[in-house]
Amino acid sequence: MVFLLGICFSISGFAQQTVTGTIISSDDGLALPGVSILIKGTTTGTTSDVDGKYSLSVPDEKSVLVFSFIGYNSQEEVVGSRSIVDVELGVNITELESVVVVGYGTQKRADVTGAIAGVDSEIITERGTTSAIQSLQGTVAGVQVSNSTGRLGDGFNMTIRGNNSLAGSSPLYVVDGVITSGIDFLNPNDIEKIEVLKDASSAAIYGSRAAGGVVIVQTKTGTTSQNKTNVSFETFYGVKTPARLPEMMSLEQWRDYHYAAYLGTTKNGAGMTPADYENVVIGGSNAVLKERFDNLEGYDWYDGVLQNGLQTNSHLSVSHRNGASTYNLGIGYQNETGNLKNESLDKYTFNININQSINDKLTAGANMAFSFGTNQRGSSIAMQEAFRLNPFLTPYAVDENGNEISGELFPQPGKLTYPDGSFAVNKTSTYNPLLEIANTSDETRTIRGVGNAFLQYDALEWLSLKSTFSVGLNNNRRGLYWGAMTNTGISNGNLPSSELEFVDKLNYTWDNQLNVNQAFGDHAFNFLALQSIFVDRTETAYMGSTQQPFETEFYNVGSGLQSTYSLGNSFRKNQLASFALRLNYALKDKYLVTVSNRWDGSSLLSEGNKWQSFPSVALGWRLSEEDFLVNSGTVSDLKLRAGYGTVGNNNVAPYTTVNTLTNQTYYDFNGTTANGWVQNSLANKSLTWEKTTEINLGVDFGFANNRITGSIDWYDRLSDELLVSQKLPLEIGFSNIRSNAASVKNTGVEVMLNTINLETNLVTWSTMFTFTKNTNTIESIYGQSETDDVGNGWFIGESIDSHYNFVYDGVWQANEDAAAYNQKEGEAKVVDVNNDGKISPNDDRVILGSSNPSWTGGLISRLQVGAFDMNIALATQQGVLAFSDFHKNFTDVKDRGRQKANIGEFYVPENSVGVPTQYTNKYPQPRAEGQYWGNGIAYYKDASFVKINNISLGYTIPQSLLSKINVQSLRLYVNVLNPFTFTDYDGWDPEWAEASLGVGRVSSITTQFGLSLKF
């Protein structure tokens, strides 16, 4: 027995297994000697030899090896059943050593002299958005991102450091070196990082196209992968629920409002009895409406047209690295349905990046990002019509007794008739939105992508030549269809109509660049020389017809009545030739200089104006590297920056500088009608680029071993020679001409602050804070700075987006002298600004505010406790005054037949017909609102808001469990988008408060459930 026990103990003792392996660097694939290898939870370990090899005995297969080496990230590996465990250690890159993507190259963040900021893939994907632009909301100071309408597929608006053009400004988007008009076609999971070049000194390398800032997107390449194949799968499923719906009038409130609204057109019921007045309101053709009034029976149009939207995003990526050769492949699918029925988005994405080292001198590569999608926007009026219909109207027909016929939709609920054709309700003619939704289509099918191929020759260690050919493609087909049973159908003989539009956009670029990267002692140089050719062409075709005999959507346009045919097509092309030079110089790694100049020559401009120069210079001083700070225990990093540069805005339309024959006309030619063409505009051969010059002063800082980092920037940018349409004397024969004759200034302050609040083995909590204050003012118009252009809403010294009107001052009361201002009791009152006893448009209209926010900000909190993580993102816009189309429609008391927002009180004077009086200063008397109400004086609303963009909670499965199934990591999470909004605005959503009523959509809350799996 003792002998057998001894054998058992001996076998148990020898159950240990020996693990061997090789450790290399993921950066260059070379062996790493001296790496520490410890068995986790013990002091048992070893180190790698000169060839990076090691050998270590471990107690069992559950053992976890911890590999650590100075300058590299620590890595843990579960032994499992393996006897050989090879490891690639990733280089531990600090924030200052991280690489920033700049125009036509990269720089270490420590060497950057311009105002450049961005987000990485982690922030982009953790927000759970299907739009990459949305990930920038509240995360980059100086960048304002807002949803344009809330409608599925309509995208986001982005403004960098304020609007600097009277024609509107937008950034230049560059995806893997390819110029494109936006990045919504990309799957967020394919993006490695987004960098924003905010100031002119950093954006000047893009010359005439960079006045609105530059957004550079780098897709995933596989260069950060280890020497193996990595596979990842990301997916989430979400439910989008309508939220924070505006409060509309109840059945009783609307009935009372409707009764009161007839006072304004009956001289407040003078000489009428209550019965007479009742007959005016109801008459003999509203028996069903009267019955519903008495019984307070109605219909909930919210429930009728709104639904829960569904959302899914799945993405599979494969990356591989073998030495200096890499590839990354990403395939994605996105599907989303809107909160309004018949709205959807379906998109497939494909991304591939290949980098191949041919030999030690020659490298080749190719990138392509491609998407195919279908966006169904449905009806542009269904939602507004649904909420315009008063709550007593239902979508259904009635029988001869006035009883609803369930399931049988009636075309115009406000003109409801009995089967014999007589009216059961005779009020508003609004079309049934349920029929609009069912019989309307607005479908856009898009094929979009960018791609490039490059060849790089490293002639010497410090000299390289690179040639890149890039292509951008954007083809879309938009089909619109209105069936017979739609509002459009009524206008076209109760027959279908349709339109079809094709847009084919193609651009290609050939860049050739020379790079010199050399260091001599304390001096370091990086020199770029660039030659570039850019060609952009657009072709469009359009066809449409009405009174079609078949319900075939937009696939049979030719079947319509020939006299209604509408045909057209167009072609536009422009070319840009460019040369650029840039020099980055560093002395002792602490005195930094960047100088650049770009020369652009454009086919859009006339001879003598084709070529423009866009110079810039920026300086940096790394104080933290000076002797008096280099050993500071408090200051980890401190850099001062100053930059000056000039950039342009290439918004001159093609062929504007030449006279073109665009209008068809007919004339008598020897008694025969002849076809001819004339011009409809006068060309301006002196047109040139809009130009922006900017001064930027900034400081980058880091304290407490970089637990606190951030930057502060101040800028002053003047945009001059802005394009405007100037009026011409009638004798010339043309009403106006495009010219460079205005200027706008933007000044502001930006703050970015990152903190690591807590960092232990168990808990990590970090926060990121952004703040932006921008002041936008018009400096001159038409070459002068004294006289405003009231017609266009442009005022010297005020914001481009300022609002100018009378000041709403309540309602004229019975005891006030309204007649002194030629008004009456119950009418809307405005302020007599100059107190001269009369209301004058010239003297009493003032600047009420601006839709530009006074300041914006954002906050991101990221907390990790063990295997759990929780992230919260917040964004705010303050000081926003919006002209709200929602309120223009739903608080307009000059209308009495449509539904209203719950406006509370409206003025009702004394009367003899039994309508209860109501004295208020809130809203004037319905249908007797006065002469100033029509100016929209009461529709300006404070649209400031604080939004919680998302709250996510995730759990990462322990590696010890995953190693048994060869899974690298698995994270499960739940994410809630837009859960809370704090605002005084009571329309759809403050973020798109100025969206037109037809396309503005309700706010929503999206709850996502997802997983992230890596092999």
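Two residues are in contact when heavy atoms lie within 4.5 Å. By that criterion, residues 24 or more positions apart account for 67% of the chain's contacts with a separation of 6 or more. The model shown is predicted.

**Figure 1. The whole chain: 13 helices and 50 strands.**
The C-alpha trace spans about 115 × 90 × 65 Å along its principal axes. The radius of gyration is 34 Å, which agrees with the value near 31 Å for a compact globule of 1015 residues. Buried residues make up 50% of the 1015. The chain exposes about 44,800 Å². Carbon and sulfur atoms supply 54% of that area.

**Figure 2. An open sheet of three strands, ordered S4-S1-S7.**
Pairing in this sheet is mixed. Strands S4 (53-58) and S7 (87-89) form the edges, each pairing on one side only. From one strand to the next, the twist averages 35°. Strand S1 (residues 17-25) runs parallel to S7, and three bridges join the pair. One detail to locate is the bridge partner of Ile23, which is Val87 in S7. Strands of a sheet pair through backbone hydrogen bonds, either parallel or antiparallel.

**Figure 3. Strand S40 (residues 802-805) and its partner S43 (residues 846-850).**
S40 and S43 pair in the antiparallel sense, over four bridges. Asn805 has Val846 of S43 as its bridge partner. In a regular strand the side chains alternate between the two faces of the sheet. In S40, Ser802 and Tyr804 point one way. His803 and Asn805 point the other way. Residues on both sides of S40 are buried: Ser802, His803, Tyr804 and Asn805.

**Figure 4. Helix H4 (residues 251-260) against two other helices.**
The buried residues of H4 are Trp254, Arg255, Tyr257, His258, Tyr259 and Ala260. What do these buried residues of H4 pack against? Their partners are helix H5 (274-282) and helix H6 (287-295). An α-helix has 3.6 residues a turn, so residues three or four places apart point the same way.

**Figure 5. Ser743 in strand S38 (residues 742-759).**
Is Ser743 buried or exposed? Its relative accessibility is 6%, so Ser743 counts as buried, the cut-off being under 20%. The side chain of Ser743 makes a polar contact with the side chain of Ser780, at 2.6 Å. Neighbours within four places in sequence are left aside in the contact list that follows. Ser743 touches Leu718, Ser719, Asp720 and Leu722. Ile778, Glu779 and Ser780 are also in contact with Ser743.

**Figure 6. Leu166, in the loop between strands S12 (156-160) and S13 (172-175).**
Leu166 counts as buried because its relative accessibility is 15%. Neighbours within four places in sequence are again left aside. The contacts of Leu166 include Leu722, Leu723 and Val724. Ala742, Val744 and Ile778 are in contact with Leu166 too. Trp794 and Ile800 are further contacts of Leu166. Leu722 and Ile778 appear both in this list and in that of Ser743. Asn736 is 570 residues from Leu166 along the chain, with 16 Å between the two C-alpha atoms.

Note on methods
Residues are numbered from 1 along each chain as its sequence is written. This is a predicted model: local features need pLDDT of at least 70, side-chain atom pairs count only at pLDDT 80 or more; totals for chains, interfaces and linings use all residues. Side-chain values use heavy atoms; hydrogens and water are left out. Buried means under 20% relative accessible area, exposed over 50%, partly exposed in between (1.4 Å probe, protein chains only). Two strands pair if DSSP finds at least two bridges between them. Axes are lines fitted to C-alpha atoms, for helices over the stretch in contact, and angles run from 0 to 180 degrees between N-to-C directions. The radius of gyration is taken over C-alpha atoms; the globule rule is 2.2 Å times the number of residues to the power 0.38. Accessible areas come from the Shrake-Rupley method with a 1.4 Å probe; for residues, only the protein chains shown count as cover. A polar contact is a pair of N or O atoms within 3.5 Å; within protein, one must be able to donate a hydrogen and the other to accept it, and residues adjacent in sequence count only if both atoms are side-chain atoms.
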